[in-house]
Amino acid sequence: MTQHTNTPQLKVRAAQPHLEAQLQQQGLHPLLARLMAARGAVKPEDVQARLQDLLNPLDMKGMAEAAEILADALEAGARIVVIGDYDCDGATATAVAVRGLRMLLAALGADEAACRYHIDFLVPNRFDYGYGLSPQIVRLAAEQFEPDLLVTVDNGIASVDGVREANDLGIGVVVTDHHLPGDTLPEALAIVNPNQPGCGFESKSIAGVGVMFYTLLATRAVLRDRGAFDAQSQPRIDQLLDLVALGTVADVVKLDANNRRLVAHGLKRIRQAQAQPGLLALFNEAGRDHRKAVATDLGFSIGPRLNAAGRLSDMTIGIRTLITDDAAEASRLAAQLGQMNEERKRIEESMKRDALADIEAFVSSDNPAAGVVVAHDSWHQGVIGILASRIKEKLYRPTIALAPGDAGEWKGSGRSVPGVHLRDVLDLVSKRLPEGAMPKFGGHAMAAGLTLDGQYLDEFKVAFAQAVLDLCDPSALTQTVETDGSIPADYIVGQAADLLETQVWGQGFPPPLFHDEFEVVEHRLLKNAHSKFTLRRDGKTFTALRWRSTEPLPHKVRIAYRFERDTFQGGEAVQLIVEHVL
């Protein structure tokens, strides 16, 4: 039997000599000019990430209307409730909305107690209410707060029934979202979403937190034009960019030029200890130095801690962490999030063991399916998204993980690979299954969720794999490792590592990855789980780490790697991080 290994294919990122020369002429270091040009950077503002180069908020459809409505509500002393979401993007968007609207209300003369009363939030518990502005959440908000206006963040574009319920109760709704819309839009007072039909906003990949940040900028401009304050005395909405950076990176949206500007300035605030107390407390709890904060800290250390609350309990604790100004309370809440994250890890490990049989069947197959569906009746709904992500990384296939829901339903969460649009796949599956088999689904190209009638589980598995096959080029199911080619050994120094850290790298703007051949001098194990190597090339010796692998390497090996400062050795020492053996 032929074992399915899905060996990665090497691809060197296309060079752009004319752009490279152009960027060098503008003063960029040759290495940085080469890397930026290969990623499509063509103008100084693509590299410099200046705030003044941010896209205009009014380019977003519905923004002018939403800003006027919010300004009217703030001036009238209306009670506004922000309806959030239970992932990191939703939590940061909620915190940005609450903090920003309170800042604007305070600038209009309200005291702290009034700001807290007039601007509040409600986030659905995923286990009780599910996602978004549902009719149940509208009724809960009406009972708890008696609001005049609901503002959705990172949700709402699909909440046709929820908005109708709010309208029936006499509550206005402003939708701010970034998810792809369905065939019918909700009848809200205003909809701000760059992905709605007819919106010309250039950055279609802005996160939900970014949309809310932009909405605050537009609302501030309306109040400024009305004479509520001037440019010197207006509230500093940019003080919320640390939260915008966290939500943007954690939601794994494409880091286009506009998103990189938002993230770069958010990271700058974090490094300068100008972030919210809760975010600094999360850095401390995670054992990360905020003074050296980079995007990967947000995506792999801070984001998971915040997400743990929404996965295992209620995201309210995560949002409270981000909106408190009390450093002691922030530390206490951050510690609770850390404990939840450890519990999430334990649950995830147990679920991965349950999934092993399905994974082994896939790996040993002569003709593995184009899409993978795993389900278990003991799995935790809040962790299936992470499980799907881990299996997708191992098998390099679009993956759906399902856990039991209510009344014979399964709740599913999926992750995809580049070239397979997961929401489109689910849309096709829903059309092929019997009516009512998939009551709900939605999401992005790379991540999506669904509800499935349990009696159709076996049919869903077959239909999902077939839909993936029908909608993608077969080459999309072979992992490609794209590198920036070879780099001179003399370039692999601490100064170059620092230079690379001046830029924001991530989804859609991948961090530099090089490939070269090395001679293996020594191999040691770290905690019996990782490998440490001494490598030699062109007369220079390097320390290299390979995480989650204990396998030795041949005497001569070609690797795809990145490099960073070796903080343990200090000085100019660097270490290579082995990402792939080629």
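**Strand 13 and its partners**

Guide: In strand 16, His515 has Ala560 as its bridge partner. Keep in mind that this is a predicted model.

Visitor: What makes strand 13 and strand 16 a pair?

Guide: Two strands pair if there are at least two bridges between them. Strand 13 (residues 514-526) and strand 16 (residues 556-565) are joined by six bridges, so they pass that cut-off and count as paired. The two run antiparallel. Asp516 fits in here too, with Ile559 as its bridge partner in strand 16.

Visitor: And what makes strand 13 and strand 14 a pair?

Guide: Again, at least two bridges are needed. Seven bridges join strand 13 to strand 14 (residues 530-537), so they qualify as a pair, also antiparallel. For instance, Glu522 has Thr534 as its bridge partner in strand 14. The hairpin made by these strands has three residues between them, and Lys527 takes a positive phi near 55° there.

Visitor: Which barrel do these strands belong to?

Guide: A closed one of five strands, in the order 13-14-15-17-16, with mixed pairing. On average, neighbouring strands of this sheet are turned by 50° against each other, direction ignored.

Visitor: Now to the surface. Why is Leu582 called partly exposed?

Guide: Buried means under 20% relative accessible area and exposed means over 50%. Leu582 has 31% relative accessibility, which lies in between, so partly exposed is the label. Leu582 sits in the segment after strand 17 (574-581).

Visitor: What makes Leu582 eligible for a nonpolar patch?

Guide: A patch residue needs over 30% relative accessible area, and Leu582 has 31%, so that cut-off is passed. Together with Leu10 and Val12, Leu582 forms a nonpolar surface patch with about 200 Å² of accessible area.

Conventions
Residues are numbered from 1 along each chain as its sequence is written. This is a predicted model: local features need pLDDT of at least 70, side-chain atom pairs count only at pLDDT 80 or more; totals for chains, interfaces and linings use all residues. Side-chain values use heavy atoms; hydrogens and water are left out. Helices (H or I, at least four residues) and strands (E, at least two) are DSSP runs, numbered from the N terminus. Axes are lines fitted to C-alpha atoms, for helices over the stretch in contact, and angles run from 0 to 180 degrees between N-to-C directions. Patches are made of residues with over 30% relative accessible area and no salt bridge: like charges are joined within 9 Å, nonpolar side chains (Val, Leu, Ile, Met, Phe, Trp, Tyr) within 5 Å. Accessible areas come from the Shrake-Rupley method with a 1.4 Å probe; for residues, only the protein chains shown count as cover. A salt bridge is a side-chain nitrogen of Lys or Arg within 4 Å of a carboxyl oxygen of Asp or Glu. Buried means under 20% relative accessible area, exposed over 50%, partly exposed in between (1.4 Å probe, protein chains only).
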